[in-house]
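Here is a short report on ring contacts and pocket lining. Please look over the sequence and the model first.

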Amino acid sequence: MRTPIIAGNWKMNKNPQETQDFLDSIKGKLPDPSQVESVIAAPAIDLNALVWFSKDEPLKTAAENCYFEDEGAFTGETSPKALSEMGLNYVVIGHSERRDYFHETDEDINKKAKAIFKNNMLPIICCGESLETREAGKEVEWVVGQIKAALNGLTADQVSKSVIAYEPIWAIGTGKTASADQAQEMCHEIREAVKNLYDEQTAENVRIQYGGSVKPANVEELMSKEDIDGGLVGGASMDPESFLQLVNYKN
Ligand code: PGA
């Protein structure tokens, strides 16, 4: 059985004090982690507060990005080794904002996935098509291509533990959610792709999130779909009450 995983993605929002205020508001209110895994992905400057909080609370922590080398002359980058030593659990990689604005390639994302495993963390690997690609009817081919490239050279065991986040670009921050059926269809295609690349068990194990305007009002319907194991949530994860409603969607 796959444990549902709801992850907030704060993007470039909140300073350390705002992070602390948020954490104070959710203290003692997160769900039992055997029922729903709660995760927050935060800017690097806020991660220290998250890690300290997670020592006493059922919260998993994620960085929003890292580099693929452990250390060296890479000014401005974040070391996966240092993130791991800090106690981070996950790193989000391949978000469409990083692909679009910072020109990250499939190859970079694959290198990052390997660096994350090498440092005993787990990747949340994002994929998703533009509106143009969907309108051309090429969305499955596109997303499966991104997944194949990201997983290249990873073992079945590593893929089993990975999280894949399907985020159609046209639904991110637009208020325009993919319908639960559209989200389910693509998450199913991704699972089929993992089955074809690896095996049935790996496909059964890998957790697949949907992201793109997920909010308390639509989380339950999305989570009721067979191949949707979680959500990667931007806007609606920033307010503590809204985040709590999302992670407690079962109650
Ligand atoms: P959104 O962002 O929930 O604000 O649409 C999702 C994401 O980019 O991860």
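## Charges over rings

Which residue lies over the face of Trp-52? Lys-55 does, at 4.8 Å from the ring centre. Keep in mind that this is a predicted model.

A second lysine is placed over a tryptophan. Lys-14 lies over the face of Trp-10, with 5.2 Å to the ring centre. Both placements count because a lysine NZ must be within 6 Å of the ring centre and within 35 degrees of the ring normal.

## Aromatic pairs: Trp-10 and Phe-22

The structure holds six aromatic pairs. One of them joins Trp-10 and Phe-22. Their geometry is edge-to-face. The ring centres are 4.9 Å apart, and the planes meet at 75°. That angle is edge-to-face because planes over 60 degrees apart fall in this class.

This pair links distant parts of the chain. Trp-10 is in the loop between β1 (5–9) and α1 (16–26). Phe-22 is in helix α1, and 12 residues separate the two. Trp-10 has 0% relative accessibility, so Trp-10 counts as buried. Phe-22 is at 2%, so Phe-22 counts as buried too. The cut-off for buried is under 20%.

## Aromatic pairs: Tyr-166 and Tyr-210

Tyr-166 and Tyr-210 form a tilted pair. Their centres are 6.3 Å apart, with 55° between the planes. This pair also links distant parts of the chain. Tyr-166 belongs to strand β6 (residues 163–166). Tyr-210 belongs to strand β7 (residues 207–211), and the two are 44 residues apart.

Are these tyrosines buried or exposed? Tyr-166 counts as buried because its relative accessibility is 1%. Tyr-210 counts as buried because its value is 1%.

## A ring cluster

Trp-10 and Phe-22 also belong to a cluster. Ring pairs link them with Phe-243. Trp-10 is thus a shared point: a member of this cluster, and the ring under Lys-14.

## The largest pocket

The largest pocket has a volume of about 550 Å³. Lining it are 20 residues. The closest to its centre are Met-12, Glu-64, Asn-65, Arg-98 and Phe-102.

Which element gives the most to this lining? Helix α4 (residues 96–101) does, with three residues. By residue class, the lining of the largest pocket divides into 10 nonpolar, five polar and five charged. Met-12 and Phe-102 count as nonpolar, Glu-64 and Arg-98 as charged, and Asn-65 as polar.

Methods. Residues are numbered from 1 along each chain as its sequence is written. This is a predicted model: local features need pLDDT of at least 70, side-chain atom pairs count only at pLDDT 80 or more; totals for chains, interfaces and linings use all residues. Side-chain values use heavy atoms; hydrogens and water are left out. Rings of Phe, Tyr and Trp (its six-membered ring) pair if their centres lie within 6.5 Å; planes under 30 degrees apart count as stacked, over 60 as edge-to-face and the rest as tilted. Helices (H or I, at least four residues) and strands (E, at least two) are DSSP runs, numbered from the N terminus. Buried means under 20% relative accessible area, exposed over 50%, partly exposed in between (1.4 Å probe, protein chains only). On a 1 Å grid over the protein atoms alone, a cavity is a set of points where a 1.4 Å probe fits but cannot get out, and a pocket is an open set with protein on both sides within 12 Å along at least five of seven lines; lining residues have an atom within 4 Å of a point. Grid points are joined across faces, edges and corners, and a volume is the space filled by probe spheres set on the points.
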